[in-house]
Amino acid sequence: MAVELDVFVGNTTLIDKDVYQLWLDGYSVSDAVSIRIQSGILEQSGATPDVLESDTMDHYRAFQMLERLLHSPPKLINQLLFQIPPPMQSMLIEKYYTFDEPFVREVLGKKLSKGTKKDLDDVSAKTGITLKSCRRQFDNFKRVFKVVEEMKGPLVGNIQQNFLLSDRLAGDYAAVVFFANNRFETGKKKLQYLTFEDFASCAEQLIQNWTLGAVDSMVDDMDVDLDREFLQDLKDLKVLITDKDLLDQHKSLVCTALRGKVSTFSEMEANFKTPVSMGAIHGNHQKLHYEDVPRVTVPEAS
Amino acid sequence: MPGKLKVRIVAGRHLPVMDRASDLTDAFVEVKFGNTTFKTDVFPKSLNPQWNSEWFKFEVDDEDLQDEPLQITVLDHDTYSANDAIGKVYIDIDPLLSNEAAAILSGWFPIYDTIHGIRGEINVMVKVDLFNDLNRFRQSSCGVKFFCTASIPKCYKAVTIHGFVEELVVNEDPEYQWIDRIRTPRASNEARQRLISLMSGELQRKIGLKVLEMGGNAVVGYLQCFDLEGESGLVVRAIGTACTLDKLSNTATSLLPPCSSPSKDLKEVPFSEDPNPVTHSSGPSTPLKNQTYSFSPSKSYSRQSSSSDTDLSLTPKTAAPFPEGPRIFLFPSSPPLSSSSPFHKSTHLLRSEALHSLTPPHSGYVSPVCLRKTVSFNEELLLTASGMGSGSGGKDGGPLKTLYRQQTQSAFEHREFPFFTLTTFPPGFLVHVGGVVSARSVKLLDRIHNPDEPETRDAWWAEIRQEIKSHGKALGCHAVVGYSESTSICEEVCILSASGTAAVLNPKMLQDCSMEGCSEHRLSRQPSFFSTGSEKGEFDFFLQCQDSASILGLDDTSSQGCSFCHIPYDELNMPFPAHLTYCYVCRKQKVPDVLFTTIEPPLEAAVTGKGCLIQARLCRQKKKTQGEANATAISNLLPFMEYELHTQLMNKLKLRGMNALFGLRIQITVGENMLMGLASATGVYLTALPSPGGIQIAGKTPSDSSYEQHISNMQKKINDMIIKNREIYEINPPEILEELFGSPIPESRQRSRLFRSQSESSDDVSELDLSHGKKDAFVLEIDDADAVEDIHSLLTDAPTPAGFYSCNTETMPGINNWTSDLQMFTSVRVFRLNNVTSLTSHGLNKAFSDLCENLLKTLYFKLRSMVPCCLCHVNFNVALPEDELIQVAVTAVAITYDKDQAQCIAKACTDRTLLKASTENEDQLQFTLELCMESQSSQSAVHFSPSKVTGITESGNLQQVTPATQRATSVDYSSFADRCSSWIEFIKQKAQTIRRGSIKTIVSLDKASPLTEAHTRHRSPVSCTTSTVTVVEMTPLSFIPGAKITKYLGIINMFFIRETTSLREEGGVSGFLHAFIAEVFAMVRAHVAALGGNAVVSYIMKQCVFMENPNKNQAQCLINVSGDAVNFFKDADVESASSQPQTSGLQIGNGSGDVVT
């Protein structure tokens, strides 16, 4: 006896968060079933493996149908096909757009092109994330990038409006878009120890203070492109790298200015480094090398 | 007289890309009604067009308004080639025709294409201006309301229940027309969808006319079905119960006096007036006439039994001249195997013959199996029988009862078919229940002379209904309730089936009663049903069937909820062998040992413990034949299937320690080489009925020790199972001391024990608890492999996992505190049986049984997050689409209940009341509110309870009423309070209600749904700010737990076809069907939302026909759904909506004091 067809459709779409995660992680149905079995769900619920398989299949089918809508979250909110409670909708969207730290470190700052996509199997092999999941995450980057690329207004706001992400995740995407647009190399050995979070807060500061948007709030690409004047100024900072004396002078000046104002002063003083050490600026391809920007920016922010 | 239909096309969204070059669409809309078409302008290059059209006006006959659907087609404009259709929306405008319905239909509808599914949405507004037509000869019936709900809809009261209405419309199936060869699948599907929409409109109009003729204004329990007969046509048929309904105004509800004195009721008891104002010629309303026809009961009885005896040798030897002979079966309310007969086989035969012996005389055909003398009951005889039955059976108040019966009978004489499609009745309506009556008939579709005319089918159904009617009479009943009809078609063979529950009804209630929706009873705070009648200057016959004790002021049986169990037939002249005992509640009237019914458990029923879903499954092979031979083969198999299903049901019922079945539905499905039988019902333990005996296994007479060991092991297993089940379902019937009652029942525990130890072959079992053995045990003979298999299959039914209950009735007896968390679902499975022919019949049975069990298991697993919950209204549909394929579709609703409350309440009311309650389990500051139906009502009341209210709370919309005894009234009725968790909650809900008042169709998510409401607190603020989708609940039940239905917006009856030529690409058959079912749900929800509703009740998926051709990469599916669109408020909202809760309603404060601890 063989099951030819097996579907379960609820008026309110039932979503199992665990299965959703497995689907997002790119596991096949059979892999997902075995993972679920290992989790001890059979003992808990007294179900049999075929019940579990049927359930997993149902979920996967539903997710596949939902994926089309997840590509443009406002559609998911307004669609009539699946009745999903709003908290569940947010969960679906949030999780779909959540990316893995190892993955983003590989891709951050790279051009979101077909070429990069082709190399995803290498990324997959290196990070241990399934290729399917890598593709989803890459496509998410690219989709968000494409949508907000040409938009006016604040980057984070645009992302939030078009993808209905949480503040935090929208901020992360803003960082990804910012890095991809400016093609900052983040893969250098010297920067390996930095986490995505470090880069993200760095991007946040850059966007806040040094982009076009910081100067004029109603220009295209306001949060994506750096302010040209600022870049000019940055060129002048080059001397700090070449001349050690000037650097020390800079340090003492900054420390004097901040003394007494910052609680973590001594720590900061010990760790003081050039906020932005410029390598080279080649025409339109600005490449910034920076070190420990977060550590400096922490007191600044406070 | 015409009406004016006005349509406006507002906008579209999420349209598909129709122009690959630009990735955009140039969309425009065609609006068609009848033969008139309007077009909007083309909105170029947009996937979200804003047409904002003018109002298109159609001036049409109201006849057309009823028949025709409004057809909206969205197209993509193409300059050079033909315009491409994007999809269509069919809108049934019938809900707009009723005067109290929605004034406007407005909202987003999914644009549906039969090949591509849903492709975007369109915003449409529809209005109807109707001019009243007073023409006597009109063909339209605008304004007659239709309800799928098989009970008096809440917020209405029934003035009169007129009775059965039916109609049938036939047309050629477009799929089988010659033109289908040259048109596209899309055109063919659309032709079919349109035709069915037209036909169901016509059908509804015709039924409406009949209702108007009867003087009614509504149809409840409306059940419409499609028969896809293939070559011979497409049949749309419907049945329903015509009623005159009155909308309950708030004043009517609230001004009812809270209680009327019982003495008033009693004064009116003498039945003075003829219940039927119209006199009818049918004679037997006088006792005199009865006496002339009197006969000896014993004689009749022996005749019947002799027929059984002599029939043993009779098997159908000759092919019948009419293969389409009617098949009639009677499900008696007692088990057929009542003795420990050693001849197992012969018992089978005996039983089936006994079933046949009730073939009524009106049958025009001689059925092949019934080639024997039948007991010919004629009507007079039956009347006498019932008259005598009451005379001899009712020792007290007997003559009254007789007279009452006869009057009742006369009230029904004028009805051609005294049938009621209702399954839930107002208290007091149902007097006695006889048992299940069912009839089946096998017909050949290619024998229809005029396939396009309805006459032949009309005659078929009339014949079957006649059978049902006479069966009802055989059971001493004049009416059939919970009546339904169904068909199963395979090629040219068609099985027509009808079934219902024979019952004695209260005639007064039928003619002109003040039957009210039950919630209204509750709201008017009446202690029990009969006060309603009395204050309207009427009386209830109900009291008469109570014994004289009630008149003497002793405990009233009506409040004990046992009277409906009392036998309506003559105990000396029973239509079938049954054990009768005195009612375990009132100890006065006779009751059968087992009761089978197709209705919902009556509100007043006293139930012990909880119920459970019981299924009997059967699969029988048959040879592949054609025409008459095929029909004969099926006819021959049917009685055996019925019998076996019945045995299975009985065994399973006993295994669960229960004694009654409700909601029994037996589906027999015919396939090419198989017949499937699936019987589903909800088993319960009725307190009034005797405790069921255990199941005994008896081995072959010559047996060795190992065999005996085996038998005793099995016996032990069964006994353990029974004990376990009694624990699971909390069946602890109150022990009744027989001495105390001085029961004349000649049974004693001693005897049964004696019997047992004799029949059991091993000693270890005899120590078992024999409390369930007050009567002779049910004996299963193990005389062959079949029997062993039977027992095995009995034991292999997996128990429902902890935290789950299931039933196929609307509510679960014994669970009464539903939360508003519900999930309706449909699950479909198709199995392929490999080598059907090589399977033994038991292998086949097992396969089918496993299929159903697995399906249930999957459901339990899926819904595990809702535990503790109950699957209600579990409805199985079996189809055999191809040779080796079995398709099972299940629709049900899972409702979460409150466990803690369940326990305390269960203890409080196990033995007496059955109360539906919905409570919010918030333990902090509580205040209880009592509300009347309408929010403006001045009778609403609030009181604060500083501590937790331990009493039983009842949610307003639930239809159940506590048939409480009068002395308990103050306790039960004062606690109809619902609780808000805190003041903050209260204020919040109030705010929501105020906002809701503005626009109906565009309600943001957090306002409309109880589901989302629950989540509102912790949702992220980002996601739902933009949503415009109304949450629509769907439920097969007639109510929504924890909520109050405030308005019925019209019937939803939709038919969809979906076809694909790229099955693999759409995810195979599962992907295809998954998407289609989701689309159907979406379209139903959209229509309801457009009507301003937020739920569908009494939802049912009547048909799901799935065909595939994987080789061609094709599949097609047809789905037909229906339900009632309603608007509901969560109780909490209604409470806050009543603006002056504190000032009003202090009058019930005293009553509540009993509850508040």
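What follows is a conversation about a predicted model of two protein chains, A and B.

Visitor: How do you know that chain A and chain B touch each other in this predicted model?

Guide: Contact means heavy atoms within 4.5 Å. By that test, 43 residues of chain A are in contact with 62 residues of chain B. The interface can also be given as an area: about 4700 Å² is buried between the two chains, with 63% of it on carbon and sulfur atoms.

Visitor: Which elements of chain A make up the side that touches chain B?

Guide: At least two residues each come from β1 (2-10), α3 (41-45), α4 (49-70), α5 (73-78) and α6 (86-97) of chain A. The largest share belongs to α4(A), with 10 residues. Sorted by kind, the residues on this side of chain A are 23 nonpolar, 11 polar and nine charged.

Visitor: What makes β1(A) and β27(B) a strand pair?

Guide: Two strands pair if DSSP finds at least two bridges between them. Between β1(A) and β27(B), which spans residues 818-832, there are eight bridges, in the antiparallel sense, so the definition is met. Within this pairing, Val3(A) has Phe831(B) as its bridge partner.

Visitor: Why is the link between Glu4(A) and Arg832(B) called a salt bridge?

Guide: The cut-off for a side-chain nitrogen of Lys or Arg and a carboxyl oxygen of Asp or Glu is 4 Å. For Glu4(A) and Arg832(B), the closest N and O atoms are 3.0 Å apart, so the pair qualifies. The count between chain A and chain B is five salt bridges, and there are also 24 residue pairs in polar contact between these chains.

Visitor: What makes the pair Asp55(A) and Lys862(B) a link between chains?

Guide: The side chains of Asp55(A) and Lys862(B) meet in a salt bridge at 2.9 Å, N to O. Asp55(A) sits in helix α4 of chain A and Lys862(B) in helix α22 (residues 841-862) of chain B, so the pair joins two chains.

Visitor: Which helices hold the partners in the salt bridge of Asp58(A) and Lys862(B)?

Guide: This salt bridge, at 3.0 Å from N to O, runs between chains, from helix α4 of chain A, where Asp58(A) lies, to helix α22 of chain B, where Lys862(B) lies.

Visitor: Why does Lys862(B) count as buried?

Guide: Buried means under 20% relative accessible area. Lys862(B) has 8%, so it is buried. Asp58(A), at 3%, counts as buried because it also falls under that cut-off. Asp55(A) is buried as well.

Visitor: Which residues belong to the network of salt bridges that includes Lys862(B)?

Guide: Salt bridges link Asp16(A), Arg36(A), Asp55(A), Asp58(A), Arg61(A), Lys862(B) and Arg864(B) in a network. Over all chains, the whole structure has 35 salt bridges.

Visitor: How do you know that Arg237(B) and Asp227(B) form a salt bridge?

Guide: Their closest N and O atoms are 2.8 Å apart, and the cut-off is 4 Å, so the pair counts. Arg237(B) belongs to strand β12 (residues 233-247) and Asp227(B) to strand β11 (residues 218-230) of chain B, 10 residues apart. Both Arg237(B) and Asp227(B) are buried.

Visitor: Is Asn189(B) buried or exposed, and how do you know?

Guide: Asn189(B) is buried, because its relative accessibility is 0% and the cut-off is under 20%. Asn189(B) lies in helix α2 (residues 185-214) of chain B. Leaving out residues up to four places away in sequence, Asn189(B) touches Thr114(B), Ile115(B), Glu175(B), Ile1057(B), Glu1059(B) and Gln1116(B).

Visitor: What makes β33(B) and β34(B) edge strands?

Guide: Their open sheet of four strands runs β33-β35-β36-β34 in chain B, with mixed pairing. β33 (1033-1034) and β34 (1043-1060) each have a single partner strand, so one side of each is left without a neighbour in the sheet. The pairing of β33(B) with β35(B), residues 1095-1109, is parallel over two bridges, and Glu1033(B) stands opposite Ala1095(B).

Visitor: How many bridges join β2(B) and β3(B)?

Guide: Four bridges join β2 (residues 27-33) and β3 (residues 36-39) of chain B in the antiparallel sense. Phe33(B) stands opposite Thr36(B). The hairpin has two residues between its strands, and Gly34(B) takes a positive phi near 60° there.

Note on methods:
Residues numbered from 1 in each chain as written. Chains lettered and ligands numbered in written order. Predicted model: local features only at pLDDT ≥ 70, side-chain atom pairs only at ≥ 80, totals over all residues. Heavy atoms only, no water. Buried area = accessible area lost by both parts, 1.4 Å probe. Polar contact = N/O pair within 3.5 Å; in protein donor to acceptor, adjacent residues only side chain to side chain. Nonpolar A, V, L, I, M, F, W, Y, C, P; charged D, E, K, R; others polar. Buried < 20%, exposed > 50% of the residue type's maximum accessible area, 1.4 Å probe, protein only.
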